[in-house]
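Welcome, and please open your viewer so that we can walk through this protein together. Keep the selection tool at hand, as each stop begins with something to pick.

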Amino acid sequence: MKRKLFSLFVPVLFASAVAMSCQKEKPLTGESSEASTTRNGKPFIVDTLNSRVEWKGYKIFKSESTSHFGTIKFESGDVTVKDGKLESGKFVADMNSLSSEDLKNNAEQAAKLNGHLKSGDFFEVEKFPTASYEITKVTPSAEGDYNTLLDGNLTVKGITKPVQFKANVSVKEGEVSIATEPKDIHRGEFDVKFKAPAENGVIKDEMTLQINIKALEKK
């Protein structure tokens with residue numbers, strides 16, 4: 001591709017909405033929303049092969065012609081279901097799996113972009129190998145195209161912020177699916193502040209993040 005390389009935040013989800021694993025589970029700083037959910041329901045385990053975070057970032061103006069987009073895989077996750085409804089959930093994203101999809105046919109450019117996103121300029125994946133989103137509240141919604149509001153805490157680079165997603169949630173026998181609305185996240189709030197030289201195009205602070213989850217009943 002002739003389009004000049006730029007880099008961006010994701011998410012999350014990740015992120016989404018996404019505490020650090022092992023010793024990094026405790027956020028270094030930030031805000032959080034208080035949980036009103038419980039974990040008393042039936043457990044479901046995230047199918048990591050069929051779940052993902054989708055991200056998109058932009059230069060100057062938000063448009064398809066000035067964007068890069070890609071995915072992040074989940075390392076682990078679980079949800080609980082109570083009385084046939086989603087009760088709680090936490091999803092941990094593997095930041096080392098961050099990959100651009102629009103450059104997949106250009107291996108050299110893809111490697112440069114992916115490497116830059118994983119570097120200290122952006123997500124510092126060596127120091128912060130995971131991000132997470134933990135649901136703190138689930139509210140049914142009858143407005144628009146989404147049937148649920150998810151409130152939760154998104155953790156990226158050890159920084160936690162409350163983030164709300166509109167989502168379509170489906171609870172069927174043996175399976176839970178969650179598909180959030182694409183949502184703009186301000187990467188600067190998570191200490192992702194890299195600025196490209198003006199001649200290369202200004203990178204937008206807004207980053208679009210979408211979470212897609214498939215979870216299977218724990219046997």
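Here is a tour that goes from the whole chain to single residues.

**Stop 1: the whole chain**

Start with everything shown as a cartoon, and keep in mind that this is a predicted model. You should find 1 helix and 11 strands. Trace the chain from the N terminus and the elements come in the order β-β-β-β-β-α-β-β-β-β-β-β. The protein has 219 residues, and 47% of them are buried. Switch on the surface if you like: about 10,800 Å² is exposed, with carbon and sulfur atoms supplying 48% of that area.

**Stop 2: colour by confidence**

Now colour the model by pLDDT. The average for the protein is 83, and 79% of the residues reach at least 70. Where is confidence lowest, and where is it highest? Select strand β1 (residues 29-30) for the low end, with a mean of 62, and then strand β9 (residues 175-180) for the high end, at 98. Next select residues 1-27, where the pLDDT is below 50. In the model this stretch has 122 contacts beyond near neighbours in sequence. Low pLDDT is a reason not to read predicted coordinates in detail.

**Stop 3: two aromatic pairs**

Show the aromatic side chains next; the whole structure holds 2 aromatic pairs. Select Phe74 and Phe91 to see one of them, an edge-to-face pair with 6.2 Å from centre to centre and 70 degrees between the planes. Phe74 belongs to strand β4 (residues 67-82) and Phe91 to strand β5 (residues 85-100), so this pair ties together parts that lie 17 residues apart in sequence. Are these two rings buried or exposed? Both Phe74 and Phe91 are buried.

Move on to Tyr133 and Phe165. Their ring centres are 5.2 Å apart and their planes meet at 85 degrees, so this pair is edge-to-face. Tyr133 sits in strand β6 and Phe165 in strand β8 (residues 159-172), which makes this a link between distant parts of the chain, 32 residues apart. Tyr133 is buried, at a relative accessible area of 1%, and Phe165 is buried too, at 1%.

**Stop 4: along strand β6**

Stay with strand β6 (residues 130-140) and select Thr136. Its relative accessibility is 4%, and because buried means under 20%, Thr136 counts as buried. What does Thr136 contact beyond its neighbours within four places in sequence? The partners are Ser33, Glu34, Ala35, Ser36, Thr37, Asp151, Gly152 and Asn153.

**Stop 5: the largest pocket**

Bring back the surface and look for the largest pocket, which holds about 270 Å³ of space. It is lined by 13 residues, and those closest to its centre are Lys85, Leu86, Val138, Pro140 and Thr148. Strands β5, β6 and β8 each contribute at least two residues to the lining.

**Stop 6: two residues with a positive phi**

Most residues other than glycine have a negative phi. Select Asp83, in the loop between β4 and β5. Asp83 is not a glycine, yet its phi is positive, at about 55 degrees. With a relative accessible area of 74%, Asp83 is exposed.

Finish at Glu124, in the loop between α1 (107-118) and β6. Here phi is again positive, near 45 degrees, in a residue other than glycine. Glu124 counts as partly exposed, at 25% relative accessibility.

Technical notes: Residues are numbered from 1 along each chain as its sequence is written. This is a predicted model: local features need pLDDT of at least 70, side-chain atom pairs count only at pLDDT 80 or more; totals for chains, interfaces and linings use all residues. Side-chain values use heavy atoms; hydrogens and water are left out. Helices (H or I, at least four residues) and strands (E, at least two) are DSSP runs, numbered from the N terminus. Buried means under 20% relative accessible area, exposed over 50%, partly exposed in between (1.4 Å probe, protein chains only). Contact means heavy atoms within 4.5 Å. Accessible areas come from the Shrake-Rupley method with a 1.4 Å probe; for residues, only the protein chains shown count as cover. Rings of Phe, Tyr and Trp (its six-membered ring) pair if their centres lie within 6.5 Å; planes under 30 degrees apart count as stacked, over 60 as edge-to-face and the rest as tilted. pLDDT is the predictor's confidence in each residue, from 0 to 100. On a 1 Å grid over the protein atoms alone, a cavity is a set of points where a 1.4 Å probe fits but cannot get out, and a pocket is an open set with protein on both sides within 12 Å along at least five of seven lines; lining residues have an atom within 4 Å of a point. Grid points are joined across faces, edges and corners, and a volume is the space filled by probe spheres set on the points.
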